[in-house]
Amino acid sequence: MLEALTGAGLAAAAGMNAYIPLLVVGLADRLFPGLLALPESWAWLSSWWVIGIVAVLLVVEVVADKVPAVDSVNDVLQTLVRPAAGGLVFGSSSTASTVAVTDPAEFFASNQWVPIVVGAVIALAVHAGKATVRPAANAATAGAAAPVVSTVEDVSAIGLSLVAIVAPILVILGLLVLALLAWWLRRTARRRRRADLRPATERAADG
């Protein structure tokens with residue numbers, strides 16, 4: 001069960017930012033083997049070449065995701081990347097040893113493709129929510145919300161990735177908080193947009 005929560009947390013983080021959980025997994029295995037130890041088949045994720053490439057892609061993603069309009073284009077481009085990253089981190093972490101999971105070998109032993117597909121689906125669901133909320137928030141705030149919401153997503157992806165490895169049981173709480181935050185942002189954006197579309201005479205009468 002903890003293996004699944006670890007994978008789900010990392011996959012959800014990948015739905016917000018494809019490269020943060022990949023970088024967290026790679027660095028944790030490379031620098032803190034007591035925190036996370038990838039199985040041999042996934043060891044390539046912690047090679048310095050892969051870590052370096054992911055770090056560069058992360059910088060590009062972080063910048064692009066904070067620019068209004070560009071962030072929406074980036075979300076379209078990431079429609080394949082984020083689910084793929086979610087599949088990778090779920091597949092690797094669900095068979096890795098962590099401080100919370102010490103014997104994961106048998107969890108998905110008979111169907112090793114299952115965690116990859118599950119991770120891709122989770123990441124795609126989170127990505128779809130992000131891609132829906134962001135344009136609404138941008139439209140309601142004339143783009144001012146883009147850097148703020150993006151920063152919240154990045155911080156959430158980092159926090160969720162770390163929690164997934166160290167205390168996977170808390171992933172359930174983290175996913176609930178993210179769902180509530182997405183609902184609140186969408187609701188607030190809709191309200192503000194409806195208010196902006198009201199005739200000027202009505203707004204003046206209210207004032």
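A residue counts as buried when its relative accessible area is under 20%, and as exposed when that area is over 50%. These two limits apply to the close-up views below, which are taken from a predicted model.

**Figure 1. Overview of the predicted chain, with eight helices and two strands.** Read along the sequence, the elements follow the pattern α-α-β-α-α-β-α-α-α-α. Of the 207 residues in the protein chain, 42% are buried, and the chain exposes about 10400 Å², of which carbon and sulfur atoms supply 73%. Among contacts between residues at least 6 apart in sequence, 75% join residues that are at least 24 apart. The mean pLDDT of the chain is 82, and 82% of its residues reach 70 or more. Among the elements, helix 3 (residues 48-64) has the highest mean pLDDT, 95, whereas helix 8 (residues 200-206) has the lowest, 49. Where pLDDT is low, the predicted coordinates should not be read in detail.

**Figure 2. Close-up of the salt-bridge network that links Glu61, Asp75 and Arg82.** The whole structure holds five salt bridges, and Arg82 takes part in the two shown in this view. In one of them Arg82 pairs with Glu61, and the closest N and O atoms are 2.7 Å apart. This pair links distant parts of the chain, since Arg82 belongs to helix 4 (residues 70-93) and Glu61 to helix 3, with their positions 21 residues apart in sequence. In the other, Arg82 pairs with Asp75, the closest N and O atoms being 2.8 Å apart. Arg82 counts as buried because its relative accessibility is 0%, and Glu61 is likewise buried, at 2%. Asp75 is also buried, as is its partner Arg82.

**Figure 3. Close-up of the salt bridge between Lys130 and Asp65.** The closest N and O atoms of the two side chains are 3.0 Å apart. The pair links distant parts of the chain, with Lys130 in helix 5 (residues 114-141) and Asp65 in the loop between helix 3 and helix 4, 65 residues away in sequence. Lys130 is buried because its relative accessible area is 5%, which falls under the limit of 20%. Asp65 is buried as well, with a relative accessible area of 1%.

**Figure 4. Close-up of Gln78 in helix 4 and the residues around this side chain.** Gln78 has a relative accessible area of 6% and is therefore buried. Leaving aside neighbours within four places in sequence, Gln78 is in contact with Ala18, Tyr19, Glu61, Pro83 and His127. One of these residues, Glu61, also appears in Figure 2 as a member of the network with Asp75 and Arg82.

**Figure 5. Close-up of Ala69 in the loop between helix 3 and helix 4.** The phi angle of Ala69 is near 75 degrees, a positive value in a residue other than glycine. Most residues other than glycine have a negative phi. Ala69 counts as exposed because its relative accessibility is 52%, whereas Asp65, which is placed in the loop between helix 3 and helix 4, is buried at 1%.

**Figure 6. Close-up of the largest nonpolar core, which has 29 residues.** Leu22, Val25, Leu36, Leu38, Val89 and Leu160 are the members that touch the most other members of this core. Helix 1 (2-16), helix 2 (19-31), helix 3, helix 4, helix 6 and helix 7 each supply at least two of its residues, and the largest share, seven residues, comes from helix 2. Val89 can serve as the reference point in this view: with neighbours within four places in sequence left aside, Val89 is in contact with Leu10, Ala11, Ala14, Pro21, Leu22 and Val25.

**Figure 7. Close-up of a nonpolar surface patch of about 730 Å².** The patch is made by Leu2, Ile169, Leu170, Ile172, Leu173, Leu176, Val177 and Leu180. Helix 7 (residues 171-197) gives the most to the patch, with five residues. Ile169 lies in the loop between helix 6 (145-166) and helix 7, and counts as exposed because its relative accessibility is 51%.

Technical notes: Residues numbered from 1 in each chain as written. Predicted model: local features only at pLDDT ≥ 70, side-chain atom pairs only at ≥ 80, totals over all residues. Heavy atoms only, no water. pLDDT = per-residue confidence, 0-100. Helix = DSSP H or I, 4+ residues; strand = E, 2+ residues; numbered from the N terminus. Salt bridge = Lys/Arg side-chain N within 4 Å of Asp/Glu carboxyl O. Buried < 20%, exposed > 50% of the residue type's maximum accessible area, 1.4 Å probe, protein only. Patch = residues over 30% accessible without salt bridge, like charges linked within 9 Å, V, L, I, M, F, W, Y side chains within 5 Å. Areas by Shrake-Rupley, 256 points an atom, 1.4 Å probe, with all protein chains shown as cover. Core = buried A, V, L, I, M, F, W, Y, C linked by side-chain atoms within 4.5 Å. Contact = heavy atoms within 4.5 Å.
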